Amino acid sequence: MSLIEELNAQYKEIEYLNNATALMAWDMRTYLPEKGSDERAEAYGYISTLAFKKSTSQELGRIIEELNGSEVLQSLSDDEKAMVRVATKSYRRARALPPEFYQKFMVLVAKSEHVWEEARKRNDFNGFAPYLEEIVSLSREGASLYGYDENPYDALLEGYEEGMTSKRLREIIQPLKEELVPFLKRIIENGKAPETGIMKGKFPRKAQEKLSYKALKFIGYDFEAGRLDETVHPFTIGVGVGDVRVTTKYPPDEFTSSLYGSFHEGGHALYEQGLPADLSGTPLYSAVSLGIHESQSRMIENMVGRSKEFLTFFYPHIQKAFPNNFKNVSMKKFYRAVNEVSPSLIRIEADEVTYNFHIMLRFELEEAMIRGELEVCDLPRRWNDKMKEYLGIEPPDNRDGVLQDVHWPSGMIGYFPSYMLGNLYAAQFYAKAESDIKRLDKRLERGDLKPLIEWLRVNIHSQGRRYEPAELLKKVTGRDLDPGYFIKYVKDKYSGIYSL
Ligand code: ZN
């Protein structure tokens, strides 16, 4: 067996273990009977640990070390070199934390999530603060174990968006702030607001479900390689080659959660379904990063799903699904309502114009905490100040302020920026797709998504993890990340909607 074959034999085993835990996780979040949850949690923990042990084993370390020998490396193909690059990075990162440290962190996070849930209900930031202090302190320790050049935060960011740094993020955020904070003000003060009452009402579950199926079919989701189920917090999960599952929810008093949730998760799923099957069981059978993943979901959800062009085609299907609500509502009215801009306290409810502000705020605060420049006890005050600065509103309590997201209690410091990067990547990719595909707008009006999906397949999905995020973006669009694409997209679209 060649060294590459040895490497991939190890990866194949890890992939099988990951498939098992993915299926268990899907089941835990959908249909697992309540009484089965205790033993399931143990079994899940056991198999996850097996996978972790495999991915940090000395045997794998030996193979990787030999593959990195210059003579061996030179003899490899480009794909094989990429496999070695990904495997080496993952291995070093996984081995950087001593098992006792990892265990300590995991126990802390499990407790902290529980305490946070209770604290959030009671609006009790002080009850949660000691746990967050401990999470920040261990994350700083983790950052030094991983190693970094300038900023400890970068070591954490690297775990979610390979190659990204806080310095680069600041450069990206600067123009977004300069352009979009005043633009939001103009929308609120001078814009012609849409009528949004039409979006409220009763939306039968069956009709919502049918529409979600339709939406997924139209974007090219393959139901022979996946399924749609209901859950509380929607997600997409890849269980293996040919099995990528999506979930959604059906609140009775509005339908955008289910429809646009399906477009969003469908975008993630298209990516996973489009990964190169011939590279399964290798380090390259994976998405590039969380940010690139999010670019796929945001593109389908917003740039396609909420566009005038696609709604020209799709709105009649919405009317047919909910005749009592929309029979007498014009497409134009619906298009404006579904793109309402409204600064809200809650990130997950944010529109396209305000969404990134929520992320900037979290990035600036968590980065300051990791650098030791912000104490946890000062967090709520700083949070509220920034909300006021970016969005012009202030939360009345911590429940809908600093306590709203699960990321910090879960120890995921460094995760938030990938949401913003997803929006920016999406705009840059889409601009390129528009210039590559003849009359993409006219095709969307006819409901013809095939050329766009094919473009994503060829340029992004089928590449697996061959490239780092910045490399892939440059290779596909010919340019480094430029927030100008997103700024232009938002200004063009919303100037029209708000008659500015
Ligand atoms: Zn997403």
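Colleague: Why are strand 2 (residues 236-240) and strand 3 (residues 243-248) called a pair?

Modeller: The model is predicted, and the strands are read from it. DSSP has to find at least two bridges between two strands. Strand 2 and strand 3 share four bridges, in the antiparallel sense, so they meet the criterion of at least two bridges.

Colleague: Which residue of strand 3 stands opposite I237?

Modeller: R245 stands opposite I237. The hairpin of these strands has two residues between them, and G242 takes a positive phi near 80 degrees there.

Colleague: What makes H264, H268 and E294 donors of the zinc ion?

Modeller: The cut-off is 2.8 Å from the metal for N, O and S atoms. NE2 of H264, NE2 of H268 and OE of E294 lie 2.2 to 2.3 Å from the zinc ion, so they count as donors because they are within 2.8 Å. Water is not among the atoms, so the site may look incomplete.

Colleague: How are these donors spaced along the chain?

Modeller: The spacing is H-x3-H-x25-E. H268 belongs to helix 11 (residues 256-273) and E294 to helix 12 (residues 290-304), so this pair ties together parts 26 residues apart in sequence. H268 and E294 are both buried.

Colleague: Why is the contact of E468 with R85 called a salt bridge?

Modeller: The rule asks for a side-chain nitrogen of Lys or Arg within 4 Å of a carboxyl oxygen of Asp or Glu. For E468 and R85 the N to O distance is 3.9 Å, so the pair qualifies as a salt bridge under the 4 Å rule. E468 lies in the loop between helix 20 (450-459) and helix 21 (469-477), and R85 lies in helix 5 (residues 78-96), so the bridge ties together parts that are 383 residues apart in sequence.

Colleague: Which residues are linked with E468 and R85 in a network of salt bridges?

Modeller: The network of salt bridges links R85, K89, E158, E162, R465 and E468. By the 4 Å rule, the count comes to 43 salt bridges.

Colleague: What makes R120 and D400 a salt bridge, and which parts does the pair tie together?

Modeller: Their side chains meet at 3.6 Å, N to O, so the distance satisfies the 4 Å limit. R120 is in helix 6 (residues 99-122) and D400 in the loop between helix 17 (379-391) and helix 18 (417-436), so the pair ties together parts 280 residues apart in sequence.

Colleague: Why is R120 called partly exposed?

Modeller: Partly exposed covers the range between 20% and 50% relative accessible area. R120 has 25% and D400 also has 25%, so both are partly exposed by that range. R85, at 24%, is partly exposed too.

Colleague: Where do E209 and K206 lie, and how do you know that they form a salt bridge?

Modeller: Both residues are in helix 10 (residues 205-219), three residues apart, about one turn of the helix. The N to O distance is 3.3 Å, so the 4 Å rule is met. K206 has 63% relative accessibility and counts as exposed, because the threshold for exposed is over 50%.

Colleague: Is K185 buried or exposed?

Modeller: K185 is exposed at 51% relative accessibility, because exposed means over 50%. K185 is located in helix 9 (residues 166-190). Its C-alpha atom is separated by 45 Å from that of D27, which is 158 residues away along the chain.

Colleague: Why is T56 called buried?

Modeller: T56 has a relative accessible area of 12%, and buried means under 20%, so T56 qualifies. T56 lies in the loop between helix 2 (37-55) and helix 3 (58-67). Not counting residues up to four places away in sequence, T56 touches Y91, A94 and R95.

Colleague: How many residues are in the largest nonpolar core?

Modeller: That core has 128 residues, and those with the most contacts inside it are F255, I318, F326, F334, W408 and F429. This core draws at least three residues from each of domain 1 (3-119) and domain 2 (166-497). A second, separate core of 18 residues includes L7, L60, V86 and Y91.

Colleague: What does F334 touch?

Modeller: Leaving out residues up to four places away in sequence, F334 touches I198, M199, F255, Y260, L311, Y315, I318, F326 and V329.

Colleague: How many residues of domain 1 are in contact with domain 2?

Modeller: 26 residues of domain 1 are in contact with 30 residues of domain 2. The C-alpha centres of the two domains lie 28 Å apart.

Key. Residues are numbered from 1 along each chain as its sequence is written. This is a predicted model: local features need pLDDT of at least 70, side-chain atom pairs count only at pLDDT 80 or more; totals for chains, interfaces and linings use all residues. Side-chain values use heavy atoms; hydrogens and water are left out. Buried means under 20% relative accessible area, exposed over 50%, partly exposed in between (1.4 Å probe, protein chains only). Donors are N, O and S atoms within 2.8 Å of the metal (3.2 Å for Na, K and Ca); water is not among the atoms, so sites may look incomplete. A nonpolar core is a set of buried Ala, Val, Leu, Ile, Met, Phe, Trp, Tyr and Cys residues joined through side-chain atoms within 4.5 Å. Domain bounds come from an automatic or database domain assignment. Contact means heavy atoms within 4.5 Å.
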